[in-house]
Amino acid sequence: MAAPANSQQQNPLITPYKMGTFNLSHRVVLAPLTRQRSYNNVPQPHAIPYYSQRTSNGGLLIAEATGVSDTAQGYPDTPGIWTKEQVEAWKPIVDAVHAKGGIFFCQIWHVGRVSNSDYQPNGQAPVSSTDKPLTPQIRSNGIDTAHFTPPRRLRTDEIPQIVNDFRLAARNAIEAGFDGVEIHGAHGYLLEQFMKDKVNDRRDEYGGSLENRCRFSLEVVEAVVNEIGADRVGIRLSPFAEYEECGDSNPKQLGLYMVNALNKYGILYCHMVEPRMKTVAQKIECCESLVPMRKAFNGTFIASGGYEREDGMKAIAENRADLIAYGRWFLSNPDLPERFALNAPLNKYNRETFYTSDPVLGYSDYPFLDEDSIV
């Protein structure tokens with residue numbers, strides 16, 4: 001994607017950025033977006049056009065959340081990366097992104113208690129930091145109600161196995177051709193279930209103090225860094241969010257503790273969700289800010305959460321972030337960086353087709369910009 005020179009001068013989003021060894025041509029990142037079209041947890045060929053469409057030369061894409069094991073699942077048809085079949089299925093998707101000059105990271109996750117026995121091997125209970133159950137909730141699509149099986153509290157001696165699952169998933173991601181991985185430590189999933197004191201009620205070395213609650217997440221970071229190198233590792237955090245009934249009594253302290261601890265590992269980036277996004281698709285007025293975390297973190301800082309073009313430009317201009325991740329707008333505008341460069345109209349997104357299983361509808365059928373229509 002090339003923007004007119006005057007657009008680059010006016011729009012900080014369309015300026016180059018060096019992220020470690022990666023040379024980015026602009027600051028617009030494809031956020032990790034669960035799409036639920038990986039049948040039987042295996043990435044499908046229809047993901048090739050989907051990701052390829054959203055690739056620009058020198059653009060950063062973060063793949064949808066990808067399970068690290070057969071216990072990591074909590075949604076229909078989300079991809080995994082723990083089997084040989086899954087790794088092989090990812091390869092042509094990654095190749096398609098690289099063919100267009102994109103940089104591609106795989107977000108690796110474990111949902112923890114945000115699951116039920118239907119998604120678990122042998123119908124077992126999902127695992128978590130706690131045995132506290134989640135109440136039934138309306139899914140992100142605003143239609144379906146999710147029901148959760150009460151979780152089983154992980155024993156202390158079981159935690160190293162989960163850490164190892166993340167390590168192997170990172171290795172597999174590199175085998176599949178990804179440029180790196182983003183550890184999913186946000187939105188109420190397993191890592192957050194350990195980090196946040198409104199969920200974690202443990203009395204072992206993984207509970208109680210802030211240091212103890214963050215221990216598991218940092219062990220995952222350390223294992224992944226040791227496996228694939230710090231220059232290929234990012235993490236997503238949402239200290240202020242309360243997704244999946246997962247809140248904390250002092251989110252700013254949690255965020256600052258984590259970024260300072262992450263500095264010791266020298267990871268490539270921290271991807272943090274804005275405080276205004278308390279729950280799914282709910283943007284609120286908020287006096288909190290990511291600026292203290294941004295200032296404390298030594299690597300690339302990616303901000304996400306309800307961004308539009310104008311406030312993304314402003315965040316970069318004011319040095320509140322290095323990169324901005326876009327979800328809904330990138331979903332419905334495969335050429336979003338170009339549209340932002342030209343200040344062109346955006347396609348509206350249809351939330352009702354975010355999570356359907358159709359291989360095309362609401363997935364790879366959003367139109368590209370017709371440049372002839374630009375005045």
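This short talk describes the helix packing, the nonpolar cores, one central strand and two loop residues of the structure above.

Good morning, colleagues. Please bear in mind that the model is predicted.

I shall begin with a pair of helices. Helix H4 covers residues 159-175 and helix H6 covers residues 210-228; their axes come within 9 Å and cross at roughly 35°. The crossing of H4 past H6 is right-handed. On the H4 side, the contact is made by Ile 159, Ile 162, Val 163, Phe 166, Arg 167, Ala 170, Arg 171 and Ile 174. H6 contributes Phe 216, Glu 219, Val 220, Ala 223, Val 224, Glu 227 and Ile 228. By character, the residues of this contact comprise 11 nonpolar and 4 charged, with no polar ones.

One residue of this contact deserves a closer look. Val 224 is found in helix H6. Is Val 224 buried or exposed? Its relative accessible area is 0%, so Val 224 counts as buried. Leaving aside residues up to four places away in sequence, Val 224 touches Phe 166, Arg 167 and Ala 170, and also Val 181, Ile 183, Gly 229 and Val 233. For a sense of distance, the C-alpha atom of Val 224 is separated by 16 Å from that of Val 259, which is 35 residues apart from it along the chain.

I turn now to the nonpolar cores. The largest nonpolar core has 84 residues, and those that touch the most other members are Tyr 51, Ile 108, Phe 178, Ile 183 and Phe 216. Which element gives the most to this core? That is H6, with 10 residues. Phe 178 has a varied set of neighbours: beyond four places in sequence, Phe 178 touches Ala 63, Ile 81, Trp 90, Val 94, Phe 104, Phe 105, Cys 106, Ala 173 and Arg 232. There is also a second, separate core of 15 residues, whose members include Leu 24, Ile 302, Leu 323 and Ala 325.

Next, the strand E11. This strand spans residues 233-237, and 5 of its 5 residues are buried. In a regular strand, side chains alternate between the two faces of the sheet. In E11, Val 233, Ile 235 and Leu 237 point one way, while Gly 234 and Arg 236 point the other way, and all are buried. Which strands pair with E11? Strand E10, residues 180-185, runs parallel to E11 and is joined to it by 5 bridges. Within that pairing, Gly 185 has Leu 237 as its bridge partner in E11. Strand E12, residues 269-273, also pairs with E11 in the parallel sense, over 4 bridges. Here the bridge partner of Gly 234 is Tyr 269 of E12.

Finally, I draw your attention to two backbone positions. Asn 40 is not a glycine, yet its phi is positive, at about 55°. Asn 40 sits in the loop between strand E3 (28-30) and helix H2 (47-53). His 187, likewise not a glycine, has a positive phi of about 55°. The place of His 187 is the loop between E10 and helix H5 (190-195). How do the two stand with regard to solvent accessibility? Asn 40 has a relative accessible area of 67% and is therefore exposed, whereas His 187, with a relative accessible area of 11%, is buried.

Thank you for your attention.

Technical notes. Residues numbered from 1 in each chain as written. Predicted model: local features only at pLDDT ≥ 70, side-chain atom pairs only at ≥ 80, totals over all residues. Heavy atoms only, no water. Axes fitted to C-alpha atoms, helices over the stretch in contact; angles between N-to-C directions. Left-handed = near helix turned anticlockwise from the far one by under 90°. Contact = heavy atoms within 4.5 Å. Nonpolar A, V, L, I, M, F, W, Y, C, P; charged D, E, K, R; others polar. Core = buried A, V, L, I, M, F, W, Y, C linked by side-chain atoms within 4.5 Å. Buried < 20%, exposed > 50% of the residue type's maximum accessible area, 1.4 Å probe, protein only. Pairing = 2+ DSSP bridges.
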